[in-house]
Amino acid sequence: MKPKLLTLITACMLCCGGAAALTACTAPSQPSFVTVKDGHFERDGKPYYYVGTNFWYGAILGSEGQGGDRQRLARELDEMKRMGIDNLRILVGSDGERGVKTKVEPTLQVSPGVYNDTILAGLDYLLQEMGRRGMVAVLYLNNSWEWSGGYGFYLEHAGEGPQPRPDDAGYPAFMQAMSKYATNERAHQLFYDYVRFILGRTNRYTGLKYTDDPAIMSWQIGNEPRAFSREALPAFERWISEAAALIRSIDKNHLISIGSEGAWGCENDYGAWERICADENVSYCNVHLWPYNWNWVKPDSLVEMLPQACANTKDYIDRHLAVCDRIGKPLVMEEFGYPRDGFSFALGTSTVGRDGYYRYVFSLVADNAEQGGKFAGCNFWGWGGFAQPRHEQWQVGDDYTGDPAQEAQGLNSVFATDSTTLSVVREQAGRMKSL
């Protein structure tokens with residue numbers, strides 16, 4: 001031990017009260033949980049406003065099995081951190097058998113209660129690496145859509161038999177089938193077993209119980225949970241309340257969110273959205289926005305129709321912010337995307353429309369936050385980073401991008417080479433951190 005270092009340690013011991021306090025003097029302070037106070041997020045005792053992204057495949061990259069790439073994971077996390085992105089929305093795991101076209105694999109829950117440990121290890125490793133970088137995760141536990149199993153998986157194992165998939169049967173038939181989930185108690189119980197298992201885990205790398213890990217910001221009930229029919233809305237609302245209560249009974253530390261698209265995901269019933277968000281166990285509100293998917297813009301006029309997309313976006317956000325003001329909870333726009341110009345998927349193609357849309361969305365968030373409003377953060381969809389897509393339709397062995405397996409690879413991904421988009425993101429990240 002060098003004399004200069006010895007002198008420093010001795011001074012630290014004297015200052016802090018002896019050898020017993022040496023660790024407290026030399027170890028970095030443990031970050032605190034993200035909390036909600038008076039309708040606003042706080043982290044480490046300070047207001048927390050953020051620019052985040054969707055990184056659904058993070059746990060797969062963290063594994064050492066099929067699809068795992070810890071070297072790429074470190075590179076992606078470092079790049080996002082450099083950009084000022086510290087909030088990542090992540091899929092806990094996919095459900096069901098492998099080898100199904102348009103579904104994410106490898107899967108975590110192969111059948112009810114049967115888990116792929118390599119993905120569990122990947123999630124552990126991801127949370128460790130995020131914690132080291134001061135990043136936080138929003139972890140969603142279910143999915144109303146086919147690309148990770150979710151509703152269809154639970155219905156199948158609750159006795160409903162094989163469920164239709166949109167790529168074969170079309171979306172109307174798929175959504176009609178999924179509307180049965182809201183009233184299927186057996187499907188709910190299978191999901192609750194999964195919730196208990198995941199929330200009851202201890203990270204093998206950090207030794208932290210999941211319920212004690214500040215690298216987790218929020219448990220999220222699902223990705224875009226829907227009733228899928230107006231008739232199913234009452235049962236859907238009961239299920240959301242029941243799921244939130246179960247999560248809170250297990251975990252007293254973390255925030256709880258729904259993952260809702262907003263009124264769009266509640267059969268355009270703003271009252272239903274307000275009721276699920278006002279639940280005592282739901283910590284904050286979510287909305288998603290997809291101008292192309294919602295037919296606000298056309299593939300051949302993405303730039304020309306941008307003003308209409310922005311006007312519709314403001315109206316949608318304003319109506320949801322009014323609800324948040326009434327119930328006193330923050331709002332996060334945790335999914336939004338805009339296709340590349342000309343509806344191209346290829347790396348290096350222009351993103352004038354996307355850049356304009358991102359800039360507009362970011363301005364809505366930051367302007368409202370600066371005025372003390374409830375708009376606290378946004379997660380763009382999605383982070384493609386250093387991926388090199390090989391096929392328009394994802395195939396096993398291809399890099400994971402921000403676009404899940406059912407979407408054209410590159411459709412909504414932001415890659416590390418998208419310099420103009422990333423410039424807009426960096427600017428917003430700086431503005432949010434200054435609030």
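Here is a walk through this predicted model, starting at its sheet and working outward to the helices, the core and the charged pairs.

Start with the sheet. Eight strands make it up, and reading across you pass β10-β9-β8-β5-β4-β13-β12-β11, with parallel pairing in an open arrangement. The two ends of that order are β10 (255–257) and β11 (285–289); each has a single partner strand, so one side of each is left without a neighbour in the sheet. Going from one strand to the next, the twist averages 25°.

Now look at β4, residues 50–54. On one flank is β13, joined to β4 by four bridges, with the two strands running parallel. If you want a residue to anchor that pairing, take T53, whose bridge partner in β13 is F380. β4 also pairs with β5, again in the parallel sense, over three bridges. Here G52 is the residue to find, standing opposite N87 in β5. Step across to the other pairing of β5 (residues 87–91) and you reach β8 (residues 136–140), with five bridges holding the two parallel strands together. L88 is a handy marker here, since its bridge partner in β8 is A137.

How well covered is β4? Five of its five residues are buried. In a regular strand, side chains alternate between the two faces of the sheet. For β4, that puts Y50, G52 and N54 on one side and V51 and T53 on the other, and they are all buried, leaving both faces covered.

Two helices near the end of the chain numbering lie across this part of the sheet. Helix α13 (residues 352–370) lies across β4, β11, β12 (331–336) and β13 (375–380), and runs at about 160° to β13. Helix α14 (residues 419–433) lies across β4 and β13, with an angle of about 135° to β4. There's a charged link between these helices as well: R431 forms a salt bridge with D367, with the closest N and O atoms 2.4 Å apart. R431 belongs to α14 and D367 to α13, so the pair ties together parts that are 64 residues apart in sequence. Both ends count as partly exposed, R431 at 27% relative accessibility and D367 at 33%.

Next, turn to helices α4 (residues 70–83) and α5 (residues 117–132). Two packed helices are described by the angle between their axes and the distance between the axes. For α4 and α5, those values are about 35° and 11 Å, and α4 passes α5 in a right-handed crossing. To see the contact itself, pick out R70, L73 and L77 in α4, which meet A121, Y125, L126, E129 and M130 in α5.

α4 has a salt bridge of its own, between R72 and E76, where the closest N and O atoms are 2.8 Å apart. These two residues sit four places apart in the helix, which means about one helical turn separates them. Are they buried or exposed? With the cut-off for buried at under 20% relative accessible area, R72 counts as buried at 9%, and E76 is buried too, at 0%.

E129, which we met at the helix contact, also forms a salt bridge, with R133 and a closest N–O distance of 3.0 Å. E129 counts as buried at 7% relative accessibility, and so does R133 at 17%. Zoom out a little and you'll find that salt bridges with shared partners join D78, E129, R132 and R133 into one network. Over the whole model, the count comes to 25 salt bridges.

Finally, the nonpolar core. The largest one has 130 residues, and the members that touch the most others are F55 and F191. Helix α10 (residues 233–250) provides the largest share of this core, with nine residues.

F55 makes a good place to finish, as its contacts lead back to several spots already visited. Among the residues F55 touches are L73, E76 and L77, and the list also includes L88, L126 and W383. You've seen E76 as the salt-bridge partner of R72, L88 as the bridge partner of A137, and L73, L77 and L126 where α4 meets α5.

Technical notes. Residues are numbered from 1 along each chain as its sequence is written. This is a predicted model: local features need pLDDT of at least 70, side-chain atom pairs count only at pLDDT 80 or more; totals for chains, interfaces and linings use all residues. Side-chain values use heavy atoms; hydrogens and water are left out. Two strands pair if DSSP finds at least two bridges between them. Axes are lines fitted to C-alpha atoms, for helices over the stretch in contact, and angles run from 0 to 180 degrees between N-to-C directions. Contact means heavy atoms within 4.5 Å. A nonpolar core is a set of buried Ala, Val, Leu, Ile, Met, Phe, Trp, Tyr and Cys residues joined through side-chain atoms within 4.5 Å. Buried means under 20% relative accessible area, exposed over 50%, partly exposed in between (1.4 Å probe, protein chains only). A salt bridge is a side-chain nitrogen of Lys or Arg within 4 Å of a carboxyl oxygen of Asp or Glu. A crossing is left-handed if the near helix is turned anticlockwise from the far one by less than a right angle, and right-handed if clockwise.
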